[in-house]
Structures are given as C-alpha cells and as structure tokens.
Amino acid sequence: MRAHFSDVLADRAADSAGPRRTRLRRSAWRGLWVCTAVWLLFCLLLVLAQTNDAAKLGRTQLSFGVLLKDSLPLFPPFLLLSWCLFMQAQRWPRLWSSPASLLKNFVVCMSVFMVVWTGYVSAIDLLQNGKPLSLWLQHISSQRWFNRFYDFVLASSAFAVQAGLCALGAARDREMDWRREQTDNLRLRLTLLQGQLEPHFLFNALNSISALVRGSDRSTALSALSRVSELLRYALRASRSHWVTVQDELDFVRDYLVLQSLRFGDGLQVRWTLQEGPGAPAWAEIACPPLLFQPLIENAIRHGLEAHEGQGVIELSLSCPEPGRLVFLIRNPLPAETARQPGHGLGLSATRQRLSMLYGQQAQLRSQAMALPACFETELTLPCRDAVHEEDSERAGR
C-alpha cells in the first residue's frame, strides 16, 4: 500500500515536472534571443560611435568593418552573463526577491564574472595581436584596471536591468493576485447574496401555499406546490451561475405571478407592457443576474395588494428606451400609512448590493411614491450586456 502511494506521488510529480520543464525550455530560448538582440544592437551602436570618432581624428584605417571585427569577440561573455542572470531569475526567483538576497547575488555573480572576464579578455588580446598564450598571466598583470572598472560598470548595468525586470514582474504578479483576490471576494459576496435570496423566496412561496391550505382550498394548494417545484428548479439551476438571460427571468416571473394568482385569485391583476415586434431587443441574448426581477415584484405585491386586502393592479413594463439600456418598471397601488406592511427589505437591499458589485454606477434602482396616479413606482435600469460573453467570461474565471 505504501509502495503504491509512493508510486502515485512520483507519477504526479513527474506529470507536473514535465510542463514546467517545457515552460523553462521555452523561456530559455526566448531569453537567449532577446539577450543576443540587445547586446548585438549595443555592439553595433558602440562600433558606430568608435568609427565616427576615428573619422574625426583622421584615422581612416579604423573602418567600421575593422572595429566590428575587433569588438564582436568581446561581447559573448556579456551576452552569456545576461542570459545566465535571466535563467537564474526564472529558476530561482527567491534570489531576486529581497534586498539582502539581491545584494548577495550581486556580489557572487559579479565576482565570478569579473574573474572569468579578465582571463577571457587577456586571451583575446593575445590572439588578436598574434602573441602566444604562454604570456597570459603576464598580460593579466599588465592590464589597465581602469578598463576593467568600465567592464564592471557594464556588467553591473546588465545585473541592474535584470533586477528591474524582476521587480516589474513581481509588481505585476502582486497586482494580478490583488485583482484575483478582489474577483474572488466579489464572487463570494454575490454567492452569499444569491444564497440569501433563494431561501427568502422559498419562505415567501411556502407562506403563499400555507395561506391556501388554511383556506381549505386543497386542490389549489396542490397546484401551487407543483408550481413551486418548477420555480425552485429554476432557482437551483440559476444558483450555479451569476448570469442568466432576461428571457429566463421573464419566464420565471410569469410562473411566480401564476403562483400568486392562485393565492389572490381575481384580486391580483397584472398588466404587462413588453417591448416586442420589429426592432425590439432579443431578450434571450441579454445577460441578467438570476432572481433579479422577482424581489421587486414580491415587494410590489406585499405593499400593494396585501395592504389593500388582496385587491390591486400590478403594472409591469420592460423596454429598451435607448440603445444599450434596459428599463424594468413596476407600479403598484399606494397603501395608506396605516395599511403599510412591515418588512426587513432583504430582497431590495440584496438587489441593490448585487447591482453595485456587478454594474457599479451603470445600474440604478429607484423607487418613489407618485401622486398622479396614486401609485408606488420602482424603476430598475441596467446596461445591456451580451449573455454569451458574460457566460464565457464567467467560465474562463473559474
């Protein structure tokens, strides 16, 4: 058993190491090409500057080709240094993560490079001047150390560039982590709000059925139970997503109003004004948060019908008065002060929070009492977003 478990862990480690080695190999080739291009460009610019200076001094024998031939052998060590620093940052990023580790890394890398570079440049000088390599140690001791200081500054610049790139990468990673954390928090808050709405809706639906049962209308109560099962099926399906379509919400609201009609009978009258016909928006293509319309209609029934002893007219209007803007308007009878129903307003407060998190300032929920006609008006304004795009974005963010 232990051997089998060890084999499983080894297989998993091998599976995860394979893609990592592939990414590292691709990164190595990309870094090598970039380092080669940068140092080659630097070499060409330096040779052009030297050629220009030679021309001004009248040293015509120092042509561009001659200077390029003498300078090219001196740049492979710098190219190799930059590439090694790049690969080190990819393989061991902790060496570039703090000022202390960065300083230690700088001391070690520059010490090793300057030792290798001093020996390399001495050998190149001897070969270019046609002298034997047996004079290598003597040539090292006779070098002008000011030139080595210049080389040290150049190598330190390569290290500083890599350190800057690591710092930018770390800042970008921190920003991405922060954004990912904000997105996760947003999803969590939306899930909690949606989780509050679902039992809230269920509680009110069961209240409606209990009212029918108390009225000894058992057949209607059974019909209402069947209707509730359909509504709960939608609510459970919608709970797995942050987005549905406006058409889905309309179908859900119609089923919900049928359930309420079983309770109130002819006392509940619903008047729909739905923008249809040529040029009307495709409601099945517009994204909408689930359980968005139902709390608003529930609020209208509670304060408009129950306060009027189950008699009243609910007016519902859905339209796009301008491109890219959806308006859902609800009007219910205005109750008297003594007849107003108490309530904690969970549905409306959760709706406002969801709108703020999903749309920011682009969505509004406005409610006010109207004198003429005497009614209470609730207006929901949303930007029209493509349902397919929102579903793809949600799927990609999981």
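Colleague: Is Leu-44 buried, partly exposed or exposed in this model?
Modeller: The model is a predicted one. Leu-44 belongs to helix α1. A residue is buried under 20% relative accessible area and exposed over 50%. The relative accessibility of Leu-44 is 31%, so this residue counts as partly exposed.

Colleague: Which helix gives the most residues to the nonpolar surface patch?
Modeller: The patch covers about 600 Å² and is made by Leu-40, Leu-41, Leu-44, Leu-45, Leu-48, Phe-64 and Leu-72. With 5 residues, the greatest contribution comes from the helix spanning residues 2-56, namely α1.

Colleague: What is the geometry of the ring pair formed by Trp-39 and Phe-78?
Modeller: The structure holds 15 aromatic pairs. In the pair of Trp-39 and Phe-78, the ring centres are 5.4 Å apart and the planes meet at 35°. Planes under 30 degrees apart would count as stacked and those over 60 as edge-to-face. An angle of 35° falls into neither class, so the pair of Trp-39 and Phe-78 is tilted.

Colleague: How many residues apart in sequence are the parts that Trp-39 and Phe-78 tie together?
Modeller: Both Trp-39 and Phe-78 are buried. Trp-39 lies in helix α1 and Phe-78 in helix α3 (residues 76-91), so their pair joins parts of the chain whose separation in residues is 39.

Colleague: Which residues form one aromatic cluster with Trp-39?
Modeller: Phe-78, the ring partner of Trp-39, is one of the members. The others in the cluster with Trp-39 are Phe-42, Phe-75, Phe-113, Trp-117 and Tyr-120.

Colleague: Are the rings of Trp-243 and Tyr-359 stacked, tilted or edge-to-face?
Modeller: Trp-243 is buried at 9% relative accessibility, and Tyr-359 is buried at 4%. Trp-243 sits in the loop between α7 (218-238) and β1 (244-245), whereas Tyr-359 is in helix α10 (residues 346-359), 116 residues apart. Their ring centres are 5.9 Å apart and their planes stand at 85°, so the arrangement is edge-to-face.

Colleague: How far apart are the end C-alpha atoms of helix α8?
Modeller: Helix α8 comprises 19 residues (residues 246-264), and at 1.5 Å a residue these should span 27 Å. Its buried residues include Val-246, Phe-252, Tyr-256 and Phe-264, and the helix is followed by Gly-265, whose phi is positive, near 65°. The distance between the end C-alpha atoms of α8 agrees with the expected span, at 26 Å.

Colleague: Which residue with a positive phi follows helix α4?
Modeller: Helix α4 (residues 99-128) has 30 residues and reaches 41 Å from its first C-alpha to its last, close to the expected 44 Å. With a positive phi near 70°, the residue that follows α4 is Gly-130.

Colleague: Is Thr-378 buried or exposed?
Modeller: Thr-378 lies in strand β7 (residues 375-383). Setting aside residues up to four places away in sequence, Thr-378 touches Leu-296, Phe-328, Leu-329, Ile-330, Leu-365, Arg-366 and Ser-367. A relative accessible area under 20% is the criterion for burial. Thr-378 has a relative accessibility of 7%, so this residue counts as buried.

Colleague: Among contacts between residues at least 6 apart in sequence, what percentage joins residues at least 24 apart?
Modeller: The protein chain has 11 helices and 7 strands. Of its 398 residues, 37% count as buried. Among contacts between residues at least 6 apart in sequence, the part joining residues at least 24 apart is 72%.

Note on methods
Residues are numbered from 1 along each chain as its sequence is written. This is a predicted model: local features need pLDDT of at least 70, side-chain atom pairs count only at pLDDT 80 or more; totals for chains, interfaces and linings use all residues. Side-chain values use heavy atoms; hydrogens and water are left out. Helices (H or I, at least four residues) and strands (E, at least two) are DSSP runs, numbered from the N terminus. Buried means under 20% relative accessible area, exposed over 50%, partly exposed in between (1.4 Å probe, protein chains only). Contact means heavy atoms within 4.5 Å. Patches are made of residues with over 30% relative accessible area and no salt bridge: like charges are joined within 9 Å, nonpolar side chains (Val, Leu, Ile, Met, Phe, Trp, Tyr) within 5 Å. Accessible areas come from the Shrake-Rupley method with a 1.4 Å probe; for residues, only the protein chains shown count as cover. A salt bridge is a side-chain nitrogen of Lys or Arg within 4 Å of a carboxyl oxygen of Asp or Glu. The expected span of a helix is 1.5 Å times one less than its number of residues. Rings of Phe, Tyr and Trp (its six-membered ring) pair if their centres lie within 6.5 Å; planes under 30 degrees apart count as stacked, over 60 as edge-to-face and the rest as tilted.
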